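Hi everyone, thanks for making time. I'd like to walk you through one structure today, so have a look at it on the screen and then we'll go through it piece by piece.

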Amino acid sequence: MPGKPYVVVTRKLPDSVETRMMELFRVKLNLEDRPLEQNELIEAVKTADVLVPTVTDRIDNAVLSQAGPNLRLIASFGTGVDHIDLASARQRGITVTNTPGVLTEDTADMTMALLLATARRVSEGERLIRSGEWKGWGPMFMLGHRIYGKRLGIVGMGRIGTAVARRAKGFGLSVHYHNRRRVHPSLEQQLEATYWESLDQMLSRMDIISINCPHTPATYHLLSARRLKLMQKHAYLVNTARGEVVDENALTRMLEKKEIAGAGLDVFEHEPAVNPKLLRLDNVVLLPHMGSATLEGRVDMGEKVIINIKTFADGHKPPDRVLEAML
Ligand code: 8YV
């Protein structure tokens, strides 16, 4: 890539990240900070050398088929890459990078926050106070369920799943997991984690399920209506990964009928739309995709994006290349 690459950034990023980008590259920023429409994305890929999209940009084949000859790199601001058609990018010789690692701890924190908020009815309690309806303490008032000593089943033991497991151990939960591959025995030992080859069996035995796998064609509706029904009536589900991994309608029906105890959801199948039936339920805690939303995390993500672009522009392989085989 001769000279400074022309980089189109689709959303507002932290000031320090934008400033550094402007020092290093020719940059077009999105000053309005709203998701781009498809025609704007097409305009961007026609002109850019490098595109920096986020999870709110659908970089599908319809967009990529319009890419100009200069577009060589999509340096995504985020870890999940399910908003990008990787096969179409590869076919056009466009490299795709992401920002793994730097949002692991923040997302694991939010998983624990949701788990605790759901089992201990944190949001419900706050809603009660704010409504002015709180009549005072009572022995049987606002009883949630104990976390300590319960069994947590983690679906997807990658970076975030492992970080959740570490925290869970500190809370006195026993850690169980299902993953495509069993993790290294030394990690299993460290986490005192039990591997379940069968997801179905794990689901039927756990008190809490945490979804921590990426959304790929293989994990779409991994928690299908049939699988959700395997969960125990007293169990909770926490999802800080992607809404598409869980059949949201089936989950909503089960929550309505109290076939599971509750759910903590940071992600939804059709964001920013949320199934309106979920809004009426007290046994769910709902967050607007905030899992990695810390200022420190966003700055770290921006730095990763910059390193990926700089390395690529200097003619080397960027460190965070996404290969379809990794998903
Ligand atoms: C980010 C995420 O906020 O990185 C991811 O995969 O889901 C989020 O935590 C978002 O993707 C930024 O593009």
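**Two domains and a ligand**

Okay, let's begin with how the chain is divided. The domain assignment splits it into domain 1, which takes in 6–102 + 294–326, and domain 2, which covers 104–286. Keep in mind that this is a predicted model.

How far apart are the centres of domain 1 and domain 2? Going by C-alpha atoms, the answer is 31 Å. Where the two are in contact, domain 1 brings nine residues and domain 2 brings seven residues.

Now, how do people put a size on something like this? An interface is often described by the accessible area that is lost when its parts come together. For domain 1 and domain 2, the buried area comes to about 630 Å², and carbon and sulfur atoms account for 34% of that. Three residues to look for on the domain 1 side are D82, G101 and T294: they give 55% of the area domain 1 buries against domain 2, more than any other three residues.

Let's stay with D82 for a moment. Its side chain forms a salt bridge with the side chain of R242, at 3.2 Å from N to O. How many salt bridges are found across the interface of domain 1 and domain 2? Just one. For polar contacts between domain 1 and domain 2, the count is four residue pairs. And if you sort the domain 1 residues that touch domain 2, you get four nonpolar, four polar and one charged.

Next up, the ligand. Which residues sit around it? The list is T54, V55, F77, G78, T79, G80, L103, R242, H289, S292, R298 and M301. You'll recognise R242 there, the residue that meets D82 in the salt bridge. By class, that shell has four nonpolar, six polar and two charged residues.

Zoom in on the backbone now. F77 has a backbone N or O atom 2.5 Å from an oxygen atom of the ligand. For T79, a polar backbone atom is 2.6 Å from a ligand oxygen, and for V55 the corresponding distance is 3.0 Å. So how much of the ligand's accessible area does the protein cover? Of the 320 Å² that the ligand has on its own, 89% is covered.

That's my tour, thanks for listening!

Key
Residues numbered from 1 in each chain as written. Predicted model: local features only at pLDDT ≥ 70, side-chain atom pairs only at ≥ 80, totals over all residues. Heavy atoms only, no water. Domains from an automatic or database assignment. Contact = heavy atoms within 4.5 Å. Buried area = accessible area lost by both parts, 1.4 Å probe. Salt bridge = Lys/Arg side-chain N within 4 Å of Asp/Glu carboxyl O. Polar contact = N/O pair within 3.5 Å; in protein donor to acceptor, adjacent residues only side chain to side chain. Nonpolar A, V, L, I, M, F, W, Y, C, P; charged D, E, K, R; others polar. Near = heavy atom within 4 Å. Areas by Shrake-Rupley, 256 points an atom, 1.4 Å probe, with all protein chains shown as cover.
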